[in-house]
2 protein chains.
Amino acid sequence: MSHSWQKYSKDNLCAPNLIHFNNAGAALMPKQVVGAVTDYLNLEAKIGGYEAMEYAAPKIEGIYRDLAQLIGAHADEIALFENATRAWQVVFYGMEFKQGDTILTTSAEYGSNLLGILHLKKIKGVNVELIPEEETGETSVSALEKMIKAKKPKLLAITHVPSQGGLVNPVENIGALARKYDIFYLLDATQSIGQMRVDVSKIKCDALCATGRKFLRGPRGTGFAYIKRERLNYLLPPVVDMMTADWQDGENFKLRDKAQRLETWESSFAGKLGLAEAVKYALGIGMDKIEKRVIHLANLLREKLGEIEDIALHDQGKIKSGIVTFKIKNIDSKDVWSQLFKKNINVTYIPKERFPLDFNLRGLTDLVRASVHYYNTEEEIDRFSREINQVILQSPGLN
Amino acid sequence: MSHSWQKYSKDNLCAPNLIHFNNAGAALMPKQVVGAVTDYLNLEAKIGGYEAMEYAAPKIEGIYRDLAQLIGAHADEIALFENATRAWQVVFYGMEFKQGDTILTTSAEYGSNLLGILHLKKIKGVNVELIPEEETGETSVSALEKMIKAKKPKLLAITHVPSQGGLVNPVENIGALARKYDIFYLLDATQSIGQMRVDVSKIKCDALCATGRKFLRGPRGTGFAYIKRERLNYLLPPVVDMMTADWQDGENFKLRDKAQRLETWESSFAGKLGLAEAVKYALGIGMDKIEKRVIHLANLLREKLGEIEDIALHDQGKIKSGIVTFKIKNIDSKDVWSQLFKKNINVTYIPKERFPLDFNLRGLTDLVRASVHYYNTEEEIDRFSREINQVILQSPGLN
């Protein structure tokens, strides 16, 4: 590993000899993030929760600015949530769908989002259509334009980087269509944020949701949404509380004019400060630099795994992300995960039940997912491929 | 302070000479709670977020049992949320109100709840009626029975201990009516949980919401709901995600059969483990013992403040809680809060905008709220009343 990357590894608190290739699940927090959370918790225990907030008010204000800087937005376009799913849902369920409204999405959309969409189909009778894919797996922009013309959809729900395959969707081209035809464009950036540049001023989405715990290296239980200023009034807050609205008198209330009005009143400020620290850490390295490094390592991993006979790689996409998915012949992916876990190697497995639409289309039953981050090393990739070979050799199914 | 209480104070991390009388805002976490959160965060940073969950799975399961034990429920009747408001909203917005349905609540209901209720009045045309109060401020049980007979309400929304006054509502008597007439009874126990025994098997509510950060001494960003087994199917999950439902095939999903299905997938497990530690800590002392101590200290505080000429106490209720509210003649409560803050004393102030309905009825403009917990001492109460006297003496308004 080059010297310049080694210096970031020194900020990790990770166990010696651990290979963490589950960054698409939750990446390792650097010590600065853990420190920001624990320092604030200790301040709360020392002087009181609300009193700590008085002291930290400028820092807390800063969280919105940091996230805005990360994605090329304005601070008042950011709202903080417990997770990306909640952020997505606040936008989605705020849209006031009517029977017959059309939602365009893809089979590779995140499972929780698809469940939400099917839920609305059931309870409101919305029309849900899947956008066809290119041969390489990405959402087809030309097919999308035809569908937009034919169906006049109310919403485009797109996932930037699907969880279950390596591809990167052409989000800027999709954004150009969304603007051309003025369609609400909701982007799930859960797996892209922190591993590549995500710039809403270029993507031109109307709303975006993301999480802290994945490639951004923030604490679990943190997420955020971006809602374009012009679209805030388009969304009905799904619930109203003292975060959403100010009382005017005993009977009336007035909605606040920032995206923050979509939040709820109470949350973990320790967690949020940890998220802000993670953002600063990523910006300190530089998103372009991170993106190059992640792509380099992921491609190297694909190359090494490609050399192993019994492995089939399942990543799609002309542009590939840090997510590497594969299947070992005759070995259940859950067993692979479990055997690697015992060897101090973190990956994850994805059963078909998680992404039934996508797996059916792709003819898959289960996958191993190894996702790399910039702090991973070429040496880890070597060791990983040796250990995978061991798993294959020791598998009773192949003897 | 008696020896038996001093030993608990030793677990506090609080600054020397700080008087924390803002326990109804957020109580001080004991070191065990901070330790549980930071230990788990460090484990996540060491071995990975999802990998830490593998190790901690039995502990995480235990959180539901601990909370169930605290309130006399079953573990499958507990769902965890980021805060009590979200817990309340998931129940409230899950009830499928129709135009003309009646909700009975009180003017002292928590602000965010009232905003939610008014929101529904606006968007669905539900009928909202306020239950009259006894002269002593509690919800009138006899008036409630008459209203139930006349209005056949769909929901009773009651707050156990209002945030803005010392009273304790007769929640068991209300529960008896709710059962007699079979009406859904949603109890907000945000301010009672952790300061007194809250037993759903006696209260006989259908659902309850509570927070971790107040008298329970848990971390901010934690809360929970209780939903009686028989009522779970009565509530439509407001959103559907992978926590709520299991995929059955590409088009269908099946709701899970535990209250947990009302949660969302991703959250801070560090925070939840801190909450469980706080529950164990409270149970270790004993809720009856805590309740007696809090009432003793709060009554002593009322007594001392009552001796000061320019102070009007505003606590109502035949039974009074650990929340003490008062107004100093001619001094804005915000100024009192600010001056005490500089003297290392934490209280809070409540402006009328927070509780317009209740403050109008009670003829109030603003209040100082001092809320005590078992770790506070008689010596602190003495110092507090001396300092309040100083605030009055130094006030330009009175000279």
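This passage describes the fold dimensions, the nonpolar core and selected residues of a predicted model.

The structure is a predicted model, in which local features need pLDDT of at least 70 and side-chain atom pairs count only at pLDDT 80 or more, whereas totals for chains, interfaces and linings use all residues. Residues are numbered from 1 along each chain as its sequence is written, chains are lettered from A and ligands numbered from 1 in the order in which they are written, and side-chain values use heavy atoms, with hydrogens and water left out.

Chain A contains 13 helices and 15 strands; helices (H or I, at least four residues) and strands (E, at least two) are DSSP runs, numbered from the N terminus. The C-alpha trace of chain A spans about 75 × 60 × 35 Å along its principal axes. For 399 residues, a compact globule would have a radius of gyration near 21 Å, and the 22 Å of chain A agrees with this. The radius is taken over C-alpha atoms, and the globule rule is 2.2 Å times the number of residues to the power 0.38.

Of the 399 residues in chain A, 63% are buried. Buried means under 20% relative accessible area, exposed over 50%, and partly exposed in between (1.4 Å probe, protein chains only). The accessible surface of chain A is about 14,600 Å², and carbon and sulfur atoms account for 49% of this area. Accessible areas come from the Shrake-Rupley method with a 1.4 Å probe; for residues, only the protein chains shown count as cover. Contact means heavy atoms within 4.5 Å. Where contacts in chain A link residues at least 6 apart in sequence, 69% of them join residues at least 24 apart. Chain A carries 52 positive and 50 negative charges, and the mean positions of the two sets lie 2 Å apart. Lys and Arg count as positive and Asp and Glu as negative, while His and the chain ends are not counted; the place of a charge is NZ of Lys, CZ of Arg, CG of Asp or CD of Glu.

The largest nonpolar core has 192 residues, of which Phe384(A), Ile388(A), Phe384(B) and Ile388(B) touch the most other members. A nonpolar core is a set of buried Ala, Val, Leu, Ile, Met, Phe, Trp, Tyr and Cys residues joined through side-chain atoms within 4.5 Å. Residues up to four places away in sequence being set aside, Phe384(B) touches Ile19(B), Phe21(B), Leu301(B), Leu305(B), Phe326(B), Leu340(B), Ile345(B), Val347(B) and Ala370(B).

In chain B, helix H6 (residues 141-151) has the buried residues Ala143(B), Leu144(B), Glu145(B), Met147(B) and Ile148(B). The cover over these residues of H6(B) includes strands E3 (102-105), E4 (127-130) and E5 (155-159) as well as helix H7 (171-180) of chain B. Lys152(B) follows just after H6(B) and takes a positive phi of about 40°. Lys152(B) belongs to the loop between H6 and E5 of chain B and counts as exposed at 68% relative accessibility. The C-alpha atoms of Lys152(B) and Ile183(B), 31 residues apart in sequence, are 8.2 Å apart in space.

Positive phi values occur at two further non-glycine residues of chain B. Asp182(B), with phi near 50°, is in the loop between H7 and strand E6 (184-188) and is exposed, its relative accessible area being 55%. Arg217(B) has a phi of about 70° and sits in the loop between strand E7 (207-211) and strand E8 (223-227); at 2% relative accessibility, Arg217(B) counts as buried.

Ala79(B), in strand E2 (residues 78-81) of chain B, is buried at 0% relative accessibility. Apart from neighbours within four places in sequence, Ala79(B) is in contact with Tyr64(B), Gly223(B), Phe224(B), Ala225(B), Ala259(B), Gln260(B) and Glu263(B). Between Ala79(B) and Lys352(B), 273 residues apart in sequence, the C-alpha separation is 33 Å.

Two buried residues of chain A were also examined. Asn113(A) is part of helix H5 (residues 111-124), with a relative accessible area of 1%. Beyond residues up to four places away in sequence, Asn113(A) touches Trp88(A), Thr159(A) and Asp188(A). Gly317(A) is found in the loop between strand E11 (311-313) and strand E12 (323-328) and has 7% relative accessibility. With the same sequence exclusion of up to four places, Gly317(A) touches Thr136(A), Glu138(A) and Leu167(A). Gly317(A) and Asn169(A) are 148 residues apart along the chain, and their C-alpha atoms are separated by 7.7 Å.
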